[in-house]
Amino acid sequence: MTAPLSAAPPTSPVWFRALVWLVPLLLIVTAWIPDDGADKPLPVAGSVALTLLGVGLAALFAQVPRRLSYTLTDTGLRVSRFSGSFEWPYRELRVRRTDAGLGLRVGGVGLPGYYTGNYTFTGAGYRSVQAIASNTRGGLIVERGGTPYYLTPADPDAFAQALAARGVPMLD
């Protein structure tokens, strides 16, 4: 029996979403703006390549957040992200509620609605966490093998209760 649980909807600031979407837009637009002062204009093939790069980035930015999900299976917690899925057995997990959130990105991806990789942590108990989240706030910590993972299910309390019902200990 699997129970898919959705990730929390993204709540990135408007300025951040605008900045992220500005990158592919600028690639597409600037590829076709003529440079009157240049000795040699950008060849059409170069403009097409930059346009395709911009369209590819826009498609990637649109698809990445949709790939994030958490699923409770009979044997463990399955986490799906853009780079693939993996499953953690329940016996290896510990769960902790937190009001803190992600700080600075140390390494990984930080897009509106999709945060993965190493991040500093703003709360007590951890200096850094591995994020697999849709937001920088409103999540919980799932520990596996001493490594804290920051997850953001749509309903963190129900998620923690569902894990506890499957034998995952709750930490203070």
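## Exercises on a predicted chain

Four of the five residues of strand β9 (residues 140-144) are buried, so β9 is largely enclosed by the rest of the structure. Here, buried means under 20% relative accessible area, exposed means over 50%, and partly exposed is in between (1.4 Å probe, protein chains only). Strands (E, at least two residues) and helices (H or I, at least four) are DSSP runs, numbered from the N terminus.

A word on ground rules before we start. The model is predicted, so local features need pLDDT of at least 70 and side-chain atom pairs count only at pLDDT 80 or more, while totals for chains, interfaces and linings use all residues. Residues are numbered from 1 along each chain as its sequence is written, and side-chain values use heavy atoms, with hydrogens and water left out.

### Exercise 1: the neighbours of β9

Find which strands pair with β9, and trace the partners of E143.

Step 1. Two strands pair if DSSP finds at least two bridges between them. Strand β5 (residues 93-97) runs antiparallel to β9, joined by five bridges.

Step 2. Strand β10 (residues 147-151) is also antiparallel to β9, again through five bridges.

Step 3. Now look at E143 in β9: R94 is its bridge partner in β5, and P148 stands opposite E143 in β10.

Step 4. Follow the chain from β9 into β10 and you pass a hairpin with two residues between the strands, where G145 in the turn has a positive phi of about 60°.

### Exercise 2: the whole sheet

Work out the strand order of the sheet and say which strands stand at the edges.

Step 1. The open sheet has seven strands in the order β6-β7-β8-β10-β9-β5-β11, and its pairing is mixed.

Step 2. At the edges stand β6 (102-111) and β11 (170-171); each has a single partner strand, so one side of each is left without a neighbour in the sheet.

Step 3. Starting from β6, seven bridges pair this strand with β7 in the antiparallel sense. Their hairpin has two residues between the strands, and G113 there takes a positive phi near 85°.

Step 4. Strand β7 (residues 114-121) then pairs with strand β8 (residues 128-133), antiparallel over six bridges.

Step 5. T116 links the two pairings: T116 is the bridge partner of V109 and stands opposite I132 in β8.

### Exercise 3: a tryptophan in a helix

Is W21 buried or exposed, or does W21 fall in between? Then list the contacts of W21.

Step 1. W21 sits in helix α1 (residues 14-30).

Step 2. With 38% relative accessibility, W21 counts as partly exposed.

Step 3. Contact means heavy atoms within 4.5 Å. Setting aside neighbours within four places in sequence, W21 is in contact with A58, F61 and A62.

Step 4. L57 lies 36 residues from W21 in sequence, and their C-alpha atoms are 9.0 Å apart.

### Exercise 4: the overall form

Decide how the spread of the protein chain compares with a compact globule.

Step 1. Count the elements: the protein chain has three helices and 11 strands.

Step 2. The radius of gyration (over C-alpha atoms) is 20 Å, well over the 16 Å from the globule rule for 172 residues, so the chain is more spread out than a compact globule. That rule is 2.2 Å times the number of residues to the power 0.38.

Step 3. Along the principal axes, the C-alpha atoms fill a box of roughly 70 × 35 × 25 Å.

Step 4. To finish, 39% of the 172 residues count as buried.
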